[in-house]
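Let's take a walk through this structure together. Have the viewer open and follow along as we go.

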Amino acid sequence: RTTGKRMNMKIRTKLVLIVFLLWIFGSALLVLLSYNTAREQQIESIRTRVRDYAALGAMSVPAEDHARLLAPEDEEGEAYAWIAETLRGIKANSSDIEFVYTFRRSDDGSIVFVVDADEEDKSHLGEVYDDATPLMEQAARGLSAPAVEEDFYEDQWGTFLSAYAPIRTPDGKLDAVLGVDISAGSVQAMSTTLLWHMALCFAAITAAMIPGIFLFARNMVRPITGCVEFTNHLAQGDFSQDVP
């Protein structure tokens, strides 16, 4: 009887370990695949959101006043202050937005800033931007609709995902482009939060599964040990036992 109990415990322990390891491996793989899918959807959602911010922001900029901002001294005028305040209002719509600014293509083909919502490290009117991406160059030449970068890019201010929307005067002429930047750190923070939530759900489900695994193992082992005990009786010449 003692030998049977030991064998019962040994088989049950092995079965619990096998089932538990299979559950951990399968669940971890499922969480990883689900996280990658959810992260892709999350980034696509962020790209859509930053594009919408740029599109709505461009419509809120007074294009005629913006078109009059041509020389560095215009930065001291009321039009500049008004537009800068408008851009700060766009930035305030979301804590994820890092920078909001406008830029245009100068006569020599370079990309220059016009209005910058940032007050601490402001890019001044007419200041040349040397790290323009192909999409930013295209936006400065003219976009038919708002567009967002396919991936993050890095410049002297950090790593960002940016969207651009054209600012057109009432006659339809392109005056400038509104740029909206979301930092890679903000996106990474969202992805980390998503991963933690999925990991916690996985841990909670695993903890809830442990009693079920033990119950499953016990119910599986019981008939097996019964068969083993029956064959042991047969091997000893005892044919009085009922077939389990």
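What follows looks at an internal cavity and then at two residues. Keep in mind that this is a predicted model.

Start with the empty space inside. How many cavities of 30 Å³ or more are there? The count comes to 1, and the volume of the largest cavity is about 150 Å³. Its lining is made up of 14 residues, and those closest to the centre are Phe99, Tyr101, Phe113, Trp157 and Asp181. If you'd rather think in terms of secondary structure, strand E1 (97–105), strand E2 (111–116) and strand E5 (153–155) are the elements that each give two or more residues to the lining. Chemically, the wall is a mix: 8 nonpolar residues, 5 charged ones and 1 polar one.

Now hop over to Glu75, which sits in the loop that links helix H2 (63–67) to helix H3 (78–91). Is Glu75 buried or exposed? Its relative accessible area is 12%, and buried means under 20%, so Glu75 counts as buried. Setting aside residues up to four places away in sequence, Glu75 touches Tyr80, Lys122, His124 and Leu125.

Last stop: Leu135, in helix H4 (residues 134–141). With a relative accessible area of 16%, Leu135 is buried too. Which residues does Leu135 contact, leaving aside neighbours within four places in sequence? They are Ala147, Val148, Glu149 and Tyr164. Take Val148 from that set: Leu135 and Val148 are 13 residues apart in sequence, while their C-alpha atoms are 8.1 Å apart in space.

Key:
Residues numbered from 1 in each chain as written. Predicted model: local features only at pLDDT ≥ 70, side-chain atom pairs only at ≥ 80, totals over all residues. Heavy atoms only, no water. Helix = DSSP H or I, 4+ residues; strand = E, 2+ residues; numbered from the N terminus. Buried < 20%, exposed > 50% of the residue type's maximum accessible area, 1.4 Å probe, protein only. Contact = heavy atoms within 4.5 Å. 1 Å grid on protein atoms, 1.4 Å probe; cavity = no way out; pocket = protein on both sides within 12 Å on 5 of 7 lines; lining within 4 Å. Points joined across faces, edges and corners; volume = space filled by probe spheres on them. Nonpolar A, V, L, I, M, F, W, Y, C, P; charged D, E, K, R; others polar.
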